[in-house]
Amino acid sequence: MAPLNLLAELGTEYYYLIIFLIGGGFGIVLEQAGFGNSMKLAAQFYFRDFRVIKVMFGAIVTNMLLVFLAAGFGLLDYSAIWVNPTYLIPGIVGGLIMGFGFIIGGFCPGTSLVALATFKLDGLFFVLGVLTGIFFFGETVDSFANFWNSTYMGRATLQDWLGMDPSWLVPIVVIVALGVFKGGEILEKIFGTEPEARLSKPGIGLFLIASVTVLVIGYPTPEERWNHVDEKSKQLLKSRQIFIEPAELVKLYYDDAIDLKVYDFRTEDGFNRFHIIDSERFTLDSLSEEVIIKWKSNPPNRVIVLTGTAEKSAITAWKQIKSYNIPNLYILEGGINHWLEVFQNYHDFNAIGNPALPRPAWEIPKAIGNAHKASEIPQEDLKSLKFEPKVKLEKIAKIQGGGCG
Amino acid sequence: MEQTFQREEIMKWISRLKGPNVAKKYMNPYLAGALLGLVLFVSFFLTGNGLGASGGLNRIVVAIEDVIVPEHINKTPYLMKLAGGDRNALDHWIVFIVGGAIVGGFFSGWFSGRVKVETVRGKGVSVKTRWFMAFAGGALMGYGARFARGCTSGQALSGGSVLSLGSWAFMFAVFAGAYALAWFLRGFWQPGR
């Protein structure tokens, strides 16, 4: 599934060559669009020529449609592509400054490169200005670093902020863009001196058809994501390589080299009666894409162990989380039922059923959470515990992140 | 007879390589937008990243600084992240996007007859004034782009198309800033020179 990890597969030289060619395409299209010409760019801000908006929003909408179409068909993993992190206020302040720079200088950095490439002297001076401005930023930023790093919202997306399914948001953005194009064409007729391009009916039709397709296909559900997961992960689950015994969980707890997190998918009542020390309660509903994506930036020695009453809910959660390629993810074999079975000597709960079933197999009268003896097995007792160790820290390939940030 | 034919063919190729004498018309902006979106998609599909420009220029500046004053880099936290110690500021994909864009822009201009040493400016504006304004605007742009952690290519085009919240806020701010100041600079951008 895309995005491909070309750096790992092709090595640095071929990776950079492909990037260079992509950059070439970028430069060609910008120049063909006339963006090496500062008069053409500035005309946008006098309503004479809506070229800038047509190209920018045309590109934004085209890529957005292609990305979400590909995601809907399971060809591209939206959670794995670079979505610029949001630093809300610095972004707005920087944007305002850039707006001033745009109308004073007549370019933005990308278009100035194209102007420079076609020997425009105004482009040359603009680029020199950009380099100078960048230099001054580097010299001064550490004095306002707190402000520059403020209002950080992580990988915030429009759909999360609006609480919408992206497959609805995409058509809405397309319709807004079409409205902006139409409005622009009207303003061009009023303020412009030359006839400008109008969006053809086939063009409008294409955008609308693509939008409807995105809407109908929908954004992949957790089950659909699991279907597209690679064979290796599916094998791990089938071969039970990722199920660890209660004794191994105790060992992980005392292992200083491991950053352990235990997530418990039982009911609130069950959790309040008994849970393993330092475990956190989680529900399948709260396993949103937003939450899981945050775990992509976990430290490399983070090991996550999922548990439920038995194994059913933990397996469902494991599949959902694994579809986002979260490494070092394990399931507690047999869940809390089996934990209490193995550590029977640490409690006097009555056995009330088959521990293999996803129903509590132990009667726990006092709801004292992690204060039971069986919640925290003492380190000295580890010596007498035997288990087949399964946990192996995976080496995570580092992909080069965003360029401009 | 055959010699003349071959000579004609060679002359045709030379004139193709030289490029047209008269500048060709610009591409339909909607078509250009769709093609640019396609380039963006290819980039995201193959590499997981979009496009960008200011980041590459940033790294070029830091790389130059690293040659002239490496000790300064190692003392400035913001610069250290890019070029501190053994790090090569130019060893990043964004630099190659910038390189490719310049080369691509050149060839596109060359074969469209638009490569020309000139200063594009409004009616009644002197060359020197235009150069000064270009430099001043560029300086604001450079500063603002790093402030915003990206420019119209990296934030608006790339981030906006994958629905980053910050990118959309940024985009509105850019247009707001430009339109706000445009009225006061209307004399500078008069067409018809």
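**Close-up views of a predicted two-chain model**

**View 1. Helix α10 of chain A, end to end.** Helix α10 of chain A covers residues 201–217, which makes 17 residues; at 1.5 Å a residue they should span 24 Å, and the end C-alpha atoms are indeed 24 Å apart. The expected span is 1.5 Å times one less than the number of residues. Helices here are DSSP runs of H or I with at least four residues, strands are runs of E with at least two, and both are numbered from the N terminus. The model is predicted: local features need pLDDT of at least 70, side-chain atom pairs count only at pLDDT 80 or more, and totals for chains, interfaces and linings use all residues. Residues are numbered from 1 along each chain as its sequence is written, chains are lettered from A in the order in which they are written, and side-chain values use heavy atoms, without hydrogens and water. Just after α10(A), Gly218(A) takes a positive phi of about 80°.

**View 2. The two faces of α10(A).** Gly203(A), Phe207(A), Ala210(A), Ser211(A) and Val214(A) are the buried residues of this helix. Seen down the axis of α10(A), they fall within an arc of 100°, so they line one face of the helix. The arc is taken over the directions from the helix axis to the C-beta atoms. Lys201(A), Pro202(A), Ile209(A) and Val216(A) are exposed, on the face turned away from the buried side. Buried means under 20% relative accessible area, exposed means over 50%, and partly exposed lies in between (1.4 Å probe, protein chains only). The cover over the buried residues of α10(A) includes α3 (51–72) and α9 (166–191) of chain A.

**View 3. A salt bridge between α9 and the loop that follows, chain A.** The side chains of Glu185(A) and Arg198(A) form a salt bridge, 3.6 Å from N to O. The pair links distant parts of the chain: Glu185(A) sits in helix α9, and Arg198(A), 13 residues away, sits in the loop between α9 and α10. Glu185(A) counts as buried because its relative accessibility is 5%. Arg198(A) is partly exposed, at 45%. A salt bridge needs a side-chain nitrogen of Lys or Arg within 4 Å of a carboxyl oxygen of Asp or Glu. The count over all chains is 18 salt bridges.

**View 4. A salt bridge within helix α14 of chain A.** Arg273(A) pairs with Asp269(A), and their closest N and O atoms are 3.3 Å apart. Both residues lie in α14 (residues 268–273), four residues apart, about one turn of the helix. Arg273(A) is partly exposed, with 28% relative accessibility. Asp269(A) is also partly exposed, at 45%.

**View 5. A salt bridge within helix α1 of chain B.** The closest N and O atoms of Lys12(B) and Glu9(B) are 3.5 Å apart in this salt bridge. Helix α1 (residues 2–18) holds both partners, three residues apart, about one turn of the helix. Lys12(B) has a relative accessible area of 42% and is partly exposed. Glu9(B) is partly exposed at 29%. Elsewhere, salt bridges that share partners join Lys40(A), Asp49(A) and Arg51(A) into one network.

**View 6. The interface between chain A and chain B.** Here 130 residues of chain A are in contact with 119 residues of chain B. Contact means heavy atoms within 4.5 Å. About 11400 Å² is buried between the chains, and carbon and sulfur atoms give 75% of that area. Buried area is the accessible area (1.4 Å probe) that two parts lose on being put together, summed over both. Three salt bridges are counted between chain A and chain B. Glu31(A) forms a salt bridge with Arg114(B), with 2.7 Å between the closest N and O atoms. The model scores ipTM 0.93 and pTM 0.88. Chain B averages a pLDDT of 92, with 99% of the residues at 70 or above; pLDDT is the predictor's confidence in each residue, from 0 to 100.

**View 7. Positive phi at Arg240(A) and Arg149(B).** Most residues other than glycine have a negative phi. Arg240(A) has a positive phi near 60°. Arg240(A) is in the loop between α12 (231–238) and β1 (243–244) of chain A, and is partly exposed at 32% relative accessibility. Arg149(B) also has a positive phi, of about 60°. Its loop runs between α7 (127–147) and α8 (152–161) of chain B. Arg149(B) counts as buried, at 8% relative accessibility.
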